[in-house]
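Subject: Structure handover and notes

Hello,

The structure is below, followed by notes on what was found in it. Please read the notes with the coordinates open.

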Amino acid sequence: QVQFVESGGGLVKPGGSLRLSCAASGFAFNKNDMSWYRQAPGQGRELVAGISSDSYGRNYADFAHGRFTISRDNDKNTVYLQMDGLKPDDTATYFCNAGYYRPSMENYWGEGTLVTVSS
């Protein structure tokens, strides 16, 4: 059974940092690209960043460039999202999924982890 478990969210002040983690299971993690998405209240889900299976390729949404860093540990079946310089507009629930530019396991979503940026 494919499963994604996101963690690391919380309340942070503008300019602060958070590191999100996503533990994946039920598929060959080291053979799949991975990506992070976010969904703000009342809005659709959007791509934040993607990383290739071997970590050599990365892509970022415009809003994430220079502030967010995606990484992965294939030994731990985990993908990370380091978020620095957080802004109130970054407030959203963050999810991970397989895929590089779009989710390749759309039938499987975790509960996400809520990030709230507020003073």
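A disulfide here is a pair of cysteine sulfur atoms within 2.5 Å. By that criterion the structure, which is a predicted model, holds 1 disulfide. The bond joins C22 to C96, with an S to S distance of 1.7 Å. C22 belongs to strand 3 (residues 18–25) and C96 to strand 9 (residues 92–98), so the disulfide ties together parts that are 74 residues apart in sequence. Both cysteines, C22 and C96, are buried.

Aromatic pairs and charges over rings

There are 6 aromatic pairs in the structure. One of them is F4 with F27: the ring centres are 5.7 Å apart and the planes make an angle of 55°, so this pair is tilted. F4 is in strand 1 (residues 3–7), while F27 is in the loop between strand 3 and strand 4 (34–39); the two are 23 residues apart, and the pair links distant parts of the chain. F4 and F27 are both buried. F27 also pairs with F29, with centres 6.4 Å apart and planes at 50°, so that pair is tilted as well. In relative accessibility, F27 has 16% and counts as buried because the cut-off is under 20%. F29 is buried too, with a relative accessible area of 1%. Through these ring pairs, F4, F27 and F29 form a cluster.

F29 has a charged neighbour: R72 lies over the face of its ring, 4.4 Å from the ring centre. A second arrangement of this kind involves R45, whose charged end sits over the ring of F95 at 4.2 Å from the centre.

Strand 9: N97 and A98

N97 is in strand 9 and is buried, at 0% relative accessible area. What does the side chain of N97 have as polar partners in the backbone? One of its polar atoms is 3.1 Å from the backbone nitrogen of M105, and a polar atom of the same side chain is 2.9 Å from the backbone oxygen of Y108. Not counting residues up to four places away in sequence, N97 touches F4, M34, S35, Y37, P103, S104, M105, E106, Y108 and W109.

A98 is also in strand 9, and it counts as buried at 0% relative accessibility. Which residues does A98 contact, leaving aside neighbours within four places in sequence? They are F4, F27, N32, D33, M34, S35, Y37, P103, S104 and M105. For M34 there is also a backbone distance: its C-alpha atom and that of A98 are separated by 4.3 Å, although the residues are 64 apart along the chain.

The nonpolar core

How many residues are in the largest nonpolar core? It has 30, and the residues with the most contacts inside it are W36, L81 and Y94. At least two residues of this core come from each of strand 3, strand 4, strand 5 (45–51), strand 7 (68–73), strand 8 (78–83), strand 9 and strand 10 (113–117). With its neighbours within four places in sequence left aside, L81 is in contact with L18, R19, L20, W36, V48, A49, F68, T69, I70 and Y94. That list includes W36 and Y94.

Loops

H65 is in the loop between strand 6 (58–60) and strand 7. With 49% relative accessible area, H65 is partly exposed. Its side chain reaches the backbone oxygen of Y60 at 3.5 Å. The C-alpha atoms of H65 and V5 are separated by 24 Å, and these residues are 60 apart along the chain.

Two further loop residues are listed for their backbone angles. Most residues other than glycine have a negative phi. S55, in the loop between strand 5 and strand 6, is not a glycine and has a positive phi of about 70°. N77, in the loop between strand 7 and strand 8, likewise has a positive phi, near 50°. At 26% relative accessibility, N77 counts as partly exposed.

Regards

Methods:
Residues numbered from 1 in each chain as written. Predicted model: local features only at pLDDT ≥ 70, side-chain atom pairs only at ≥ 80, totals over all residues. Heavy atoms only, no water. Helix = DSSP H or I, 4+ residues; strand = E, 2+ residues; numbered from the N terminus. Buried < 20%, exposed > 50% of the residue type's maximum accessible area, 1.4 Å probe, protein only. Phe/Tyr/Trp six-rings, centres within 6.5 Å; stacked < 30°, edge-to-face > 60°. Lys NZ or Arg CZ within 6 Å of the ring centre and 35° of its normal. Polar contact = N/O pair within 3.5 Å; in protein donor to acceptor, adjacent residues only side chain to side chain. Contact = heavy atoms within 4.5 Å. Core = buried A, V, L, I, M, F, W, Y, C linked by side-chain atoms within 4.5 Å.
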